[in-house]
Amino acid sequence: MVVTSFGLVLSSVMLLPAYADPPTRRVVHDGPTPGAAVDIARIVLRSAPAEGRKARVRIVLRKPAAAGDTLNVYFDTDGDHAPEVRYKAPASAEFTSWRMRSWRKRGRTLDTRCGRVRMELGERIAVATFDPRCLTDEVTKIRVSVRSHSQIGRPCPDWVPGKRRWTGRVLAYRP
Ligand SMILES: [Ca+2]
């Protein structure tokens, strides 16, 4: 994790009045993180295009993914601080997803119909998809937190937007 010189760069929608709906896209830039095994440059969260479709998280790395590099993508769907869903994806390997009880405590594994994440060796961009209805039909807003680490040697994590911190919310579905 690093506190970037830019702080959290949220999209210009912050200028909207407080009563406005959340936006459908959030971008968080993260400055270089010295020592991070998998240095995350940027994440982009987009609402699902329509009900029945999936929201999308694009994760841009500073260098191509190497063996052992792993992404963890956490989703908040109910507005409280704890995540409800976590995906874990080692580079070029199958991902696993769980229902979460807290940041650390995993519950049952989730059906892949909820969404997926894939990071390919040698690629700088990874994409996660998420069905906002994965757990309940009542989700109207979502937000994410991304943690990278290495499974080889020291884990050296990088968190965006920060350790156990969330992006701004987006609408679950585009209006
Ligand atoms: Ca939550």
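Two strands pair if DSSP finds at least two bridges between them; strands are DSSP runs of E with at least two residues, helices are runs of H or I with at least four, and both are numbered from the N terminus. The structure is a predicted model, in which local features need pLDDT of at least 70, side-chain atom pairs count only at pLDDT 80 or more, and totals for chains, interfaces and linings use all residues. Residues are numbered from 1 along each chain as its sequence is written.

**Exercise 1.** Determine how many helices and strands the protein chain contains.

*Solution.* Step one: the count gives zero helices and twelve strands. Step two: read from the N terminus, the order of elements is β-β-β-β-β-β-β-β-β-β-β-β.

**Exercise 2.** Describe the pairing of strand E2 with strand E3.

*Solution.* Step one: E2 covers residues 40-46 and E3 covers residues 55-61. Step two: six bridges connect E2 and E3 in the antiparallel sense. Step three: Ile43 lies opposite Ile59 in E3.

**Exercise 3.** Establish the strand order of the five-stranded open sheet and name its edge strands.

*Solution.* Step one: the order is E1-E2-E3-E9-E8, with antiparallel pairing. Step two: strand E1 (25-29) and strand E8 (115-118) are the edges, since each pairs on one side only. Step three: neighbouring strands of this sheet are turned against each other by 10° on average, direction ignored, where axes are lines fitted to C-alpha atoms (for helices over the stretch in contact) and angles run from 0 to 180 degrees between N-to-C directions.

**Exercise 4.** Trace the connections from E5 through E6 to E7.

*Solution.* Step one: E5 (residues 85-90) and E6 (residues 96-100) run antiparallel and share four bridges; Lys88 has Thr96 in E6 as its bridge partner. Step two: five residues separate E5 from E6 in a hairpin, and Ser92 in the turn has a positive phi of about 55°. Step three: a hairpin of five residues leads from E6 to E7. Step four: E7 (residues 106-109) is antiparallel to E6, with two bridges, and Met100 has Arg106 in E7 as its bridge partner.

**Exercise 5.** Assess burial, contacts and confidence in the protein chain.

*Solution.* Step one: 37% of the 175 residues count as buried (20 or more other C-beta atoms within 10 Å of the residue's own, C-beta atoms being placed from the backbone). Step two: of contacts (C-beta atoms, placed from the backbone, within 7 Å) between residues at least 6 apart in sequence, 56% join residues at least 24 apart. Step three: the mean pLDDT (the predictor's confidence in each residue, from 0 to 100) is 91, and 89% of residues reach 70 or more. Step four: over residues 2-10 the pLDDT is below 50, and this stretch has 16 contacts in the model beyond near neighbours in sequence.

How values were computed
A residue is buried if 20 or more other C-beta atoms lie within 10 Å of its own, exposed if 12 or fewer, and partly exposed in between; C-beta atoms are placed from the backbone. Two residues are in contact if their C-beta atoms, placed from the backbone, lie within 7 Å.
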